[in-house]
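Work through the exercises below with the sequence and the model at hand. Try each task before reading its solution.

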Amino acid sequence: MTGVQTCALPIFVFATSRPDMDRANRVPLLSPSTTDFGHLVERWFHLYDDKDVRAALARHFARDYRSGFLEDRILDVAGVLEALAPKQLANDPDQSALEEVIAAYEDIVNAADLSKGRRASLRGLTNAMRRPSFRQRIVELVESIHDSIGDLIFSPSRFARRLVDVRNPIAHGDPLPIDSVEAYWLSSAGHFVIVALLLDRVGTSHKEIRSALDRVPAYAQAVRECENFKWGGPRAGGEA
């Protein structure tokens, strides 16, 4: 049961990973009396069986999500979301047209006067063509739980674009490309996206997730603060 004690318990019982350091946010997220706890644990271990997910979650929940350098917080949130995101999109509007492009590309490669090795190398690029971008994967991920966190993140598309635009430069050692205040709340919003995703993955309804998060003072504060940014809050502007 070590996995549940060190990684799952902060998610299922508390909204913060260090409840001993923040008594105001020691709010139960789920109640065993209203939740099929056996089913919840079964689904958790199925999720936790993925080594990439396990490593990302263990790193994220090993510390207070509000501590540390902003760059590290952004990279951490992006890493967890990447581990949780689907490898392929469930609903890709470009899928049909993309397959036509790939078929035409393969015809060109097959017709070209190339060595066997070079032809095989070029054919291998079709896998990359079919792979959705990190931003597309994050959009689909956040949209899947948007009914639970719509008051925190108005626009999944803008949130994903902002996260990727901030993550990419600092991953290459460049300075933080946005104001530190926005970076703080971007990473905080990402933390609550992770919490909502995990509750969703173990079978919690959107209504239960919203009710649970609404009882957490830190979440309420994040909702208020994120309204100041184009991607956040229930009253932000339209999609871009």
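**Exercise 1.** How much area does the chain expose, and what percentage of it do carbon and sulfur atoms supply?

*Solution.* The model is predicted. The exposed area of the chain comes to about 12,300 Å². Carbon and sulfur atoms supply 52% of that area. As for burial, 45% of the 240 residues in the chain are buried.

**Exercise 2.** How many helices and how many strands are there in the chain?

*Solution.* The count gives twelve helices and zero strands. Next, take the contacts in the chain with a separation of 6 or more: residues 24 or more positions apart account for 72% of them.

**Exercise 3.** Compare the span of helix α4 with its expected span, then list its buried residues.

*Solution.* Step one: helix α4 covers residues 70-84, which is 15 residues. Step two: from first C-alpha to last, α4 reaches 21 Å, close to the 21 Å expected at 1.5 Å a residue. Step three: the buried residues of α4 are Leu70, Arg73, Ile74, Asp76, Val77, Ala78, Val80, Leu81, Ala83 and Leu84.

**Exercise 4.** Is Arg167 buried or exposed, and which residues does Arg167 touch, leaving out those up to four places away in sequence?

*Solution.* Step one: locate Arg167 in helix α9, residues 156-171. Step two: the relative accessible area of Arg167 is 17%. Step three: buried means under 20%, so Arg167 counts as buried. Step four: apart from residues up to four places away in sequence, Arg167 touches Ile74, Leu75, Ala78, Glu82 and Phe134. Among these partners, Ile74 and Ala78 are on the list of buried residues of α4.

Technical notes:
Residues are numbered from 1 along each chain as its sequence is written. This is a predicted model: local features need pLDDT of at least 70, side-chain atom pairs count only at pLDDT 80 or more; totals for chains, interfaces and linings use all residues. Side-chain values use heavy atoms; hydrogens and water are left out. Helices (H or I, at least four residues) and strands (E, at least two) are DSSP runs, numbered from the N terminus. Buried means under 20% relative accessible area, exposed over 50%, partly exposed in between (1.4 Å probe, protein chains only). Contact means heavy atoms within 4.5 Å. Accessible areas come from the Shrake-Rupley method with a 1.4 Å probe; for residues, only the protein chains shown count as cover. The expected span of a helix is 1.5 Å times one less than its number of residues.
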